[in-house]
Amino acid sequence: SPFMQDNQDRLDVAKVARALAQLPAGSATLHVLIGSGSYAPPHLAHVEMFERARAALEQRGDAVVGGFIAPSSDDYVQDKLGDDFIPLAHRVELCKCASQTNTVVLAHLPRVQACNGGIR
């Protein structure tokens, strides 16, 4: 993804800094959007939620730095969907395809894991 360093799972801070530099001056509050879930499969409504959230925040004078899609772990999705399970690596690629024209989504977080019902 465009905000992740090549061959690493760490966020490329320089790219985030460039995104911050492009935000309008004087924004009241900066936000980062995170959408976690199964994304099995991801669809346009998943991506649209980022656009709608950004529009609502900008309408009140705030700014959105960007968004991150965080698919749930394989264990969680397999327990939830059984035979209809889609492996995490495939869901991450599907998320990339679904959001490739989206201007809010900065990166896809491929290492989100279930942890006592939450994510880590």
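Helices (H or I, at least four residues) and strands (E, at least two) are DSSP runs here, numbered from the N terminus. With that in hand, leucine 23 can be placed in the loop between α1 (13-21) and β1.

Two notes on the ground rules come next. This is a predicted model, in which local features need pLDDT of at least 70 and side-chain atom pairs count only at pLDDT 80 or more, while totals for chains, interfaces and linings use all residues. Residues are numbered from 1 along each chain as its sequence is written, and side-chain values use heavy atoms, with hydrogens and water left out.

**Overall layout**

The protein chain has 4 helices and 5 strands, arranged along the sequence as α-β-α-β-α-α-β-β-β. Of its 120 residues, 37% count as buried, where buried means under 20% relative accessible area, exposed over 50%, and partly exposed in between (1.4 Å probe, protein chains only). The chain exposes about 7,400 Å², with carbon and sulfur atoms supplying 52% of that area; accessible areas come from the Shrake-Rupley method with a 1.4 Å probe, and for residues only the protein chains shown count as cover. If you look at contacts (heavy atoms within 4.5 Å) between residues at least 6 apart in sequence, 67% of them join residues at least 24 apart.

**Strands β1 and β2**

Strand β1 (residues 30-37) pairs with β2 in the parallel sense over 8 bridges; two strands pair if DSSP finds at least two bridges between them. One place to look is valine 32, whose bridge partner in β2 is glycine 66. The chain passes from β1 through α2 to β2 in a right-handed β-α-β crossover. Right-handed means that, with the strands pointing away from the viewer, the path from the first strand over the helix to the second runs clockwise.

**The core and its neighbours**

The largest nonpolar core has 9 residues: Leu33, Tyr39, Phe50, Leu57, Val64, Ile69, Cys95, Val104 and Val105. Such a core is a set of buried Ala, Val, Leu, Ile, Met, Phe, Trp, Tyr and Cys residues joined through side-chain atoms within 4.5 Å. Both α2 (44-59) and β2 (63-71) supply at least two residues each to this core.

Leaving aside residues up to four places away in sequence, valine 64 touches Leu23, His31, Leu33, Arg54, Leu57 and Val104. Leucine 23, under that sequence filter, touches Leu30, Ala63, Val64 and Val65. The C-alpha atoms of leucine 23 and valine 64 are 8.0 Å apart, although 41 residues separate the two along the chain.

Here are four residues to compare by accessibility:

| Residue | Relative accessible area | Class |
|---|---|---|
| Leucine 23 | 19% | buried |
| Tyrosine 39 | 4% | buried |
| Cysteine 95 | 1% | buried |
| Cysteine 97 | 52% | exposed |

**Backbone points to check**

Most residues other than glycine have a negative phi, and most peptide bonds are trans. Tyrosine 39, in the loop between β1 and α2, has a positive phi of about 50 degrees although it is not a glycine. Proline 41 also lies in the loop between β1 and α2, and the peptide bond leading to proline 41 from alanine 40 is cis, with omega near 0 degrees.

**Cysteines**

How many disulfides does the structure hold? There are 0, taking a disulfide as a pair of cysteine sulfur atoms within 2.5 Å. Cysteine 95 is in no disulfide, and the nearest cysteine sulfur, that of cysteine 97, is 9.4 Å away.
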